[in-house]
2 protein chains.
Amino acid sequence: MKLPAALALLLAAASCAAPAKAPAVFGPTNAEKAPAGAACYASVIELKPESEAKYRELHAAVWPEVLAAIKKANISDYRIYRAELGGKAYLFSTFTYTGSDFKADMDSIGKDPTTKLKWWPLTDACQTRLPGTPEGQQWTGIEQLMRIP
Amino acid sequence: MKLPAALALLLAAASCAAPAKAPAVFGPTNAEKAPAGAACYASVIELKPESEAKYRELHAAVWPEVLAAIKKANISDYRIYRAELGGKAYLFSTFTYTGSDFKADMDSIGKDPTTKLKWWPLTDACQTRLPGTPEGQQWTGIEQLMRIP
């Protein structure tokens, strides 16, 4: 069974200012800080074909409680894209983290009852975790090869 | 045959401020402008396994002339990520465009001799265009489903 509370811990981070050396290992240890204190996180997951309409509906109007929890956790410029590759649909996500305690901030999202008990169960059900994703992780971190400021 | 000069025209754009309604149609017509005048572009392409080392080498130290052409074209926060999906490696790219004439700016990159005659031939050779990508296009635009500022 998936652990929605662990969702936010599962994203690979790279400095917003320079390519990451360490690739798809997850969590704050990967968050090389840019001069301005911002770190970019990027990740992917598969989107279930039968859940695409629901996923789009949810993300066309993210709930206020979820937005508030994300903002409080020092996350900004949070984008989700959809790509069709090899006959499957995938979600590609990026966000910027500007806080100073990544784990504490991510934990704070997992403690938001709306996000944990209502939003994540709905969104997780739309996704298929990628093979090889560590137990307890939802999205799979991806490596940043280049960034031009 | 691929047309490197068309590379920069082939990316789907979405407003940095709101989800794009129009998905994988390419070019400036898709660039809904955010209040601040910024538009986000995102795209994907396959990375050839045998070219991965070369691609990494090139993007670990992008040439000064290429950087200058990109900056002059009002492109910033240009990132390339690598994801392994279904046994293949893909490149995900995002950038922000802050100019007022997308086509002219993209054309200006194609007129930079170093980019057109040296850089693009090298990078294009590392990539496999996705099935269904329109003739003359290199990268394939992807749809933005969500953005939280």
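Biologist: How many salt bridges does a search of the whole structure find over all chains?

Modeller: In this predicted model, the search over all chains finds 18 salt bridges.

Biologist: What makes the pair A:Glu52 and A:Arg56 a salt bridge?

Modeller: The closest N and O atoms of A:Glu52 and A:Arg56 are 3.0 Å apart, and the rule asks for a side-chain nitrogen of Lys or Arg within 4 Å of a carboxyl oxygen of Asp or Glu, so the pair qualifies. Side chains of opposite charge can pair when their charged atoms come close. A:Glu52 and A:Arg56 are four residues apart in helix H1 of chain A, and therefore about one helical turn separates them.

Biologist: Why is A:Glu52 called buried, and why is A:Arg56 called partly exposed?

Modeller: A:Glu52 has a relative accessibility of 15%, and since buried means under 20%, A:Glu52 counts as buried. A:Arg56, at 30%, falls in the range between under 20% and over 50%, so A:Arg56 counts as partly exposed. Both residues also belong to a network of salt bridges that links A:Glu52, A:Arg56, A:Arg82, A:Glu84 and B:Glu143.

Biologist: How do you know whether the partners A:Asp77 and A:Arg79 are buried or exposed?

Modeller: These two form a salt bridge with their closest N and O atoms 3.0 Å apart. A:Asp77 has 12% relative accessibility and A:Arg79 has 2%; set against the cut-off of under 20%, each of them therefore counts as buried.

Biologist: What makes A:Lys103 and A:Asp107 partly exposed?

Modeller: Their side chains meet in a salt bridge of 2.8 Å, N to O, and they stand four residues apart in helix H3 of chain A, which means a separation of about one helical turn. A:Lys103 is at 46% relative accessibility and A:Asp107 at 24%, and because partly exposed lies between under 20% and over 50%, both are given that name.

Biologist: Which residue of chain B forms a salt bridge with A:Arg147?

Modeller: The partner is B:Asp77, with the closest N and O atoms 2.6 Å apart, and since the rule accepts a distance within 4 Å, the pair counts as a salt bridge. Across the interface of chain A and chain B the rule finds four salt bridges, and the count of residue pairs in polar contact there is 18. On the side of chain A that touches chain B, the largest share, nine residues, comes from S3(A).

Biologist: How much area do chain A and chain B bury between them?

Modeller: They bury about 3300 Å², with 66% of it on carbon and sulfur atoms. A:Leu145, A:Met146 and A:Ile148 supply 21% of the area that chain A buries against chain B, more than any other three residues. In terms of contacts, 33 residues of chain A meet 33 residues of chain B.

Biologist: How do you know that the copies meet through the same surface?

Modeller: Of the interface residues of chain A, 100% are also interface residues in chain B, so the surface is the same for both copies. Chain A can be laid on chain B with an RMSD of 0.0 Å by a turn of 180° and a shift of 0.0 Å along the axis. The two copies are thus related as by a two-fold rotation axis. In chain A, the C-alpha nearest that axis belongs to A:Gly86, at 3.6 Å.

Biologist: What makes the buried residues of H2(A) line one face of the helix?

Modeller: In helix H2 of chain A, residues 64–72, the buried residues are A:Val66, A:Ala69 and A:Ile70. Seen down the axis of H2(A), they fall within an arc of 100°, so they line one face. On the other side of H2(A), A:Pro64, A:Lys71 and A:Lys72 are exposed. The buried residues pack against strand S3, helix H3 and helix H4 of chain A, together with strand S7 of chain B.

Biologist: Why is B:Leu91 called buried, whereas B:Trp63 is called partly exposed?

Modeller: B:Leu91, in strand S4 of chain B, has 0% relative accessibility, and because the cut-off is under 20%, B:Leu91 counts as buried. Its contacts beyond four places in sequence include A:Leu145, B:Tyr55 and B:Trp139. B:Trp63, in the loop between helix H1 and helix H2 of chain B, has a relative accessible area of 25%; as this lies between under 20% and over 50%, B:Trp63 is partly exposed.

How values were computed. Residues are numbered from 1 along each chain as its sequence is written. Chains are lettered from A and ligands numbered from 1 in the order in which they are written. This is a predicted model: local features need pLDDT of at least 70, side-chain atom pairs count only at pLDDT 80 or more; totals for chains, interfaces and linings use all residues. Side-chain values use heavy atoms; hydrogens and water are left out. Buried means under 20% relative accessible area, exposed over 50%, partly exposed in between (1.4 Å probe, protein chains only). Helices (H or I, at least four residues) and strands (E, at least two) are DSSP runs, numbered from the N terminus. The arc is that of the directions from the helix axis to the C-beta atoms. Contact means heavy atoms within 4.5 Å. Copies are superposed by least squares on the C-alpha atoms of residues with pLDDT of at least 70 in both. Buried area is the accessible area (1.4 Å probe) that two parts lose on being put together, summed over both. A polar contact is a pair of N or O atoms within 3.5 Å; within protein, one must be able to donate a hydrogen and the other to accept it, and residues adjacent in sequence count only if both atoms are side-chain atoms.
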